[in-house]
Amino acid sequence: MNVFDNIYQRAAQRKGSQAALAAKLSKPLSPESLRALSDDQWLEEFTRKVFQSGFYWSVVDSKWEGFREVFWQFSIDKLLMMSPEMYEQRSQDERIIRNAKKVKSIADNCHMIFEVQQQYGRFSEFVASWPEDNIVGLWLYLKKHGARLGGNTGPYALRVLGKDTFLLSKDVETVLRAEAVIDGGLQSQKSLLAAQQFFNEMRQYSGFSLQELSQIVAMSVGENVR
């Protein structure tokens with residue numbers, strides 16, 4: 001597959017060698033390790049990514065212990081008992097970033113996870129079982145059934161907790177457009193399906209995970225030299 005070979009060689013050259021490139025790659029978790037995650041961890045990471053969107057990540061991180069205190073370490077069971085009034089009150093707590101609309105997403109995403117639990121037993125099981133060759137389908141599920149998880153927010157949360165996924169970063173978008181994989185809106189269904197097919201083909205050809213491929217593609221262009 002000439003496209004992958006060209007991208008890989010360009011990334012390796014930019015990083016100094018194939019060995020140097022390999023040292024910068026990270027692997028996703030196995031399905032077994034994903035299943036070991038608690039559903040509370042998923043809610044916490046969704047919330048962190050929702051708040052990081054539009055804020056300096058360092059500001060969110062500096063407030064994170066406050067978030068964990070205010071929202072009971074993101075316990076699904078406890079948060080399901082909170083009334084809208086309680087959420088509104090806690091959205092003004094000085095220990096967190098005070099944004100009522102984003103705080104409301106905690107309740108909405110808590111209920112999304114609860115609904116998934118009714119069918120799959122655990123949200124972690126649901127994520128671990130989702131096929132990587134249709135990872136954009138999981139992105140779209142989170143966007144439709146969750147709150148503020150569209151765009152890159154949901155995919156970044158999946159990546160952080162170890163689900164194998166590519167990311168549509170600026171550098172990845174640059175390559176997708178240069179290779180004529182996409183030519184319209186980045187988040188259109190047509191573009192998402194085309195990107196999925198592109199990564200599926202490279203995955204089958206190379207044996208790399210979607211996560212590793214996404215990193216290789218991103219490191220083949222842009223300002224991230226060495």
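# Close-up views of a predicted model

**View 1. Helix 4 has the span expected for its residue count.** Helix 4 runs over residues 39-52. At 1.5 Å a residue, its 14 residues should span 20 Å. The end C-alpha atoms are 20 Å apart, which agrees. This is a predicted model. Gly-54 follows helix 4, and its phi is positive, near 90°.

**View 2. Helix 4 is largely enclosed by the rest of the structure.** That reading holds because 12 of its 14 residues are buried. Asp-39 is one of them. The stretch Trp-42, Leu-43, Glu-44, Glu-45 and Phe-46 is buried too. So are Thr-47, Arg-48, Lys-49, Val-50, Phe-51 and Gln-52. The buried set in helix 4 thus includes charged side chains such as Glu-44 and Arg-48.

**View 3. Arg-48 meets two glutamates within helix 4.** Side chains of opposite charge can pair when their charged atoms come close. Glu-44 forms a salt bridge with Arg-48, with the closest N and O atoms 4.0 Å apart. These two residues are four apart in helix 4, about one turn of the helix. Both Glu-44 and Arg-48 are buried. Glu-45 also forms a salt bridge with Arg-48, at 3.7 Å from N to O. Here the spacing is three residues, again about one turn of helix 4. Glu-45 is buried, as is Arg-48.

**View 4. Glu-173 and Arg-177 form a salt bridge in helix 13.** The N to O distance is 2.9 Å. Helix 13 covers residues 170-178. Glu-173 and Arg-177 are four residues apart in this helix, so about one helical turn separates them. How exposed is each partner? Glu-173 has 15% relative accessibility, so it counts as buried. Arg-177 is partly exposed, with a relative accessible area of 34%. Elsewhere, salt bridges that share partners join Glu-44, Glu-45, Arg-48, Lys-49, Asp-61 and Arg-68 into one network. The structure has 12 salt bridges by the rule used here.

**View 5. The buried residues of helix 1 lie on the same side of the helix.** Helix 1 spans residues 2-15. Its 14 residues should cover 20 Å at 1.5 Å a residue, and the end C-alpha atoms are 20 Å apart, which agrees. Which residues of helix 1 are buried? They are Phe-4, Ile-7, Tyr-8, Ala-11, Ala-12, Arg-14 and Lys-15. These residues cover an arc of only 165° around the axis, so they share one side of helix 1. The face turned away from this buried side carries the exposed residues Asn-2 and Gln-13.

**View 6. Helix 1 packs against four helices.** What do its buried residues pack against? The partners are helix 2 (18-24), helix 13, helix 14 (189-206) and helix 15 (210-219). Gly-16 follows helix 1. The phi of Gly-16 is positive, near 110°.

**View 7. The largest nonpolar core has 67 residues.** Which residues have the most contacts inside it? They are Trp-42, Phe-71, Phe-123 and Phe-199. Helix 9 (residues 100-120) gives the most to this core, with seven residues. Phe-71 touches Leu-79, Tyr-87, Arg-90, Ile-96, Val-103 and Ile-106. That list leaves out residues up to four places away in sequence.

**View 8. Trp-42 and Phe-123 pair edge-to-face.** A pair of aromatic rings is described by the distance of the centres and the angle of the planes. The count for this structure comes to 22 aromatic pairs. In the pair of Trp-42 and Phe-123, the centres are 5.9 Å apart and the planes are at 65°. Trp-42 lies in helix 4 and Phe-123 in helix 10 (residues 123-129), so the pair ties together parts 81 residues apart in sequence. Trp-42 counts as buried, at 0% relative accessibility. Phe-123 is also buried, at 0%.

**View 9. Phe-166 and Phe-199 form a stacked pair.** Their centres are 4.3 Å apart, with 5° between the planes. Phe-166 lies in the loop between helix 12 (153-161) and helix 13, and Phe-199 lies in helix 14. The pair therefore ties together parts that are 33 residues apart in sequence. Both Phe-166 and Phe-199 are buried.

**View 10. Trp-42 belongs to an aromatic cluster.** The other members are Phe-46, Tyr-120, Phe-123, Phe-126, Trp-130 and Tyr-141.

Methods. Residues are numbered from 1 along each chain as its sequence is written. This is a predicted model: local features need pLDDT of at least 70, side-chain atom pairs count only at pLDDT 80 or more; totals for chains, interfaces and linings use all residues. Side-chain values use heavy atoms; hydrogens and water are left out. The expected span of a helix is 1.5 Å times one less than its number of residues. Buried means under 20% relative accessible area, exposed over 50%, partly exposed in between (1.4 Å probe, protein chains only). A nonpolar core is a set of buried Ala, Val, Leu, Ile, Met, Phe, Trp, Tyr and Cys residues joined through side-chain atoms within 4.5 Å. Contact means heavy atoms within 4.5 Å. A salt bridge is a side-chain nitrogen of Lys or Arg within 4 Å of a carboxyl oxygen of Asp or Glu. The arc is that of the directions from the helix axis to the C-beta atoms. Rings of Phe, Tyr and Trp (its six-membered ring) pair if their centres lie within 6.5 Å; planes under 30 degrees apart count as stacked, over 60 as edge-to-face and the rest as tilted.
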